[in-house]
Amino acid sequence: MKNKKRGFWQEAIRVTKENDPAARTGLEVLLTYPGVKALAAHRFSHWLWRHNLKLLARMHSQFWRFWTQIEIHPGATIAHGVFIDHGSGLVIGETAIVETDVKLYHGVTLGGTGKEKGKRHPTVRRGALISAHSQLLGPIEVGENAKVGAGAVVVSDVPADVTVVGIPAKVVRVKGKKDSEKISTIEEKREASYHASHL
């Protein structure tokens with residue numbers, strides 16, 4: 001039998017209960033989790049944005065920013081099944097893309113680096129974890145199941161299945177292990193890519 005696709009609310013409850021042991025019931029999730037409210041509001045803001053009602057979309061998103069302390073630009077593309085824990089101070093920029101099963105914590109910024117046009121915010125792939133107060137800047141990509149440590153500043157791509165920490169963020173684990181040789185190879189590629197994109 002084919003799996004039935006879950007709707008937004010079912011996914012929101014599922015990911016919240018899976019990721020937060022304090023979430024006891026679906027009703028509690030719907031009534032008390034600001035991340036769920038912000039993501040639900042974003043769906044309508046994004047619809048307005050796509051239908052060229054940009055001022056109305058911005059006004060709607062700013063209203064919900066006031067209530068949730070989470071700022072999501074109406075142009076951002078966010079899949080069902082994203083989990084925002086606490087969320088206060090979280091910012092997601094206009095051209096950001098966030099895939100399903102991504103976890104975002106309070107104080108995270110998916111931001112730009114200046115006044116560039118076009119794609120200027122991060123893409124966060126399926127299953128990535130972005131810890132509290134991390135700053136991801138520019139049109140970078142965070143790969144599937146990657147982890148970004150708390151307070152990290154990420155300015156270059158993060159491959160799938162690695163953990164980065166620090167300012168600027170450096171790879172410290174590959175698939176959960178400290179493999180010095182692999183880490184060194186990945187860091188050399190990240191460094192070369194960063195310098196090539198800033199010439």
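Two strands count as paired here if DSSP finds at least two bridges between them. The model on screen is predicted. The tour starts at the sheet, moves to the core, and then visits helix 4 and some single residues.

**The sheet**

Select the six strands that form an open sheet in the order 3-6-9-12-14-15. The pairing in this sheet is mixed. Strands of a sheet pair through backbone hydrogen bonds, either parallel or antiparallel.

Go to the edges next. Strand 3 (83–85) and strand 15 (170–174) are the edge strands, and each of them pairs on one side only.

Begin at the strand 3 edge and add strand 6, residues 103–105. Three bridges join strand 3 and strand 6, in the parallel sense. To see one of the bridge pairs, select Phe-83 together with its partner in strand 6, Lys-103.

Move along to strand 12, residues 147–148. Strand 12 runs parallel to strand 14, and two bridges join them. Val-148 has Val-164 of strand 14 as its bridge partner.

Now select strand 14 and strand 15. In which sense do strand 14 and strand 15 pair? They pair in the antiparallel sense, over four bridges. Among the bridge partners in strand 15 are Val-174, which belongs with Val-162, and Lys-170, which belongs with Val-165. The hairpin of these two strands has four residues between the strands. In this hairpin, check the backbone of Gly-166, where phi is positive and near 100°.

**The core**

Hide the cartoon and show nonpolar side chains. In soluble globular proteins, nonpolar side chains tend to be buried together. The largest nonpolar core here has 41 residues. Which of its residues touch the most other members? They are Ile-92, Leu-104, Ile-130, Leu-136, Val-142 and Val-154.

Colour the elements that give two or more residues to this core: helix 1 (8–19), helix 3 (34–50), strand 1 (70–72), strand 4 (90–92), strand 14, strand 15 and helix 5. Helix 3 provides the largest share, four residues.

Centre on Leu-136. Apart from neighbours within four places in sequence, the contacts of Leu-136 include the core residues Ile-130, Val-142 and Val-154. Thr-109, Leu-110, Gly-111, Pro-122, Val-124 and Val-148 are also in contact with Leu-136.

**Helix 4**

Select residues 54–68, which make up helix 4. The helix has 15 residues, and the distance from its first C-alpha to its last is 21 Å, close to the 21 Å expected at 1.5 Å a residue.

Which residues of helix 4 are buried? Show Ala-57, His-60, Ser-61 and Thr-68. These residues lie on the same side of helix 4, because they cover an arc of only 95° around the axis. The buried residues pack against helix 3 and strand 1. Turn to the other side of helix 4 to find Leu-55 and Phe-66, both exposed. Just after the helix, select Gln-69, which takes a positive phi of about 65°.

Stay in helix 4 for Arg-58. Is Arg-58 buried or partly exposed? Its relative accessible area is 36%, so Arg-58 counts as partly exposed. Beyond residues up to four places away in sequence, Arg-58 touches Trp-49, His-73 and Pro-74. A distance label between the C-alpha atoms of Arg-58 and Ser-88 should read 19 Å; the two residues are 30 residues apart along the chain.

**Two buried polar residues**

Select His-46 in helix 3. The relative accessible area of His-46 is 14%, under the 20% cut-off, and therefore this residue is buried. Leaving out residues up to four places away in sequence, His-46 touches Pro-74, Gly-75, Ala-76 and Thr-77. Pro-74 is thus touched by His-46 and by Arg-58.

The last stop is Thr-100, in the loop between strand 5 (97–98) and strand 6. Why does Thr-100 count as buried? Its relative accessibility is 15%, and the cut-off for buried is under 20%. With neighbours within four places in sequence set aside, show what is in contact with Thr-100: Glu-11, Ala-79, His-80, Gly-81, Arg-126 and Gly-127.

Technical notes
Residues numbered from 1 in each chain as written. Predicted model: local features only at pLDDT ≥ 70, side-chain atom pairs only at ≥ 80, totals over all residues. Heavy atoms only, no water. Core = buried A, V, L, I, M, F, W, Y, C linked by side-chain atoms within 4.5 Å. Buried < 20%, exposed > 50% of the residue type's maximum accessible area, 1.4 Å probe, protein only. Contact = heavy atoms within 4.5 Å. Expected span 1.5 Å × (residues − 1). Arc of directions from axis to C-beta.
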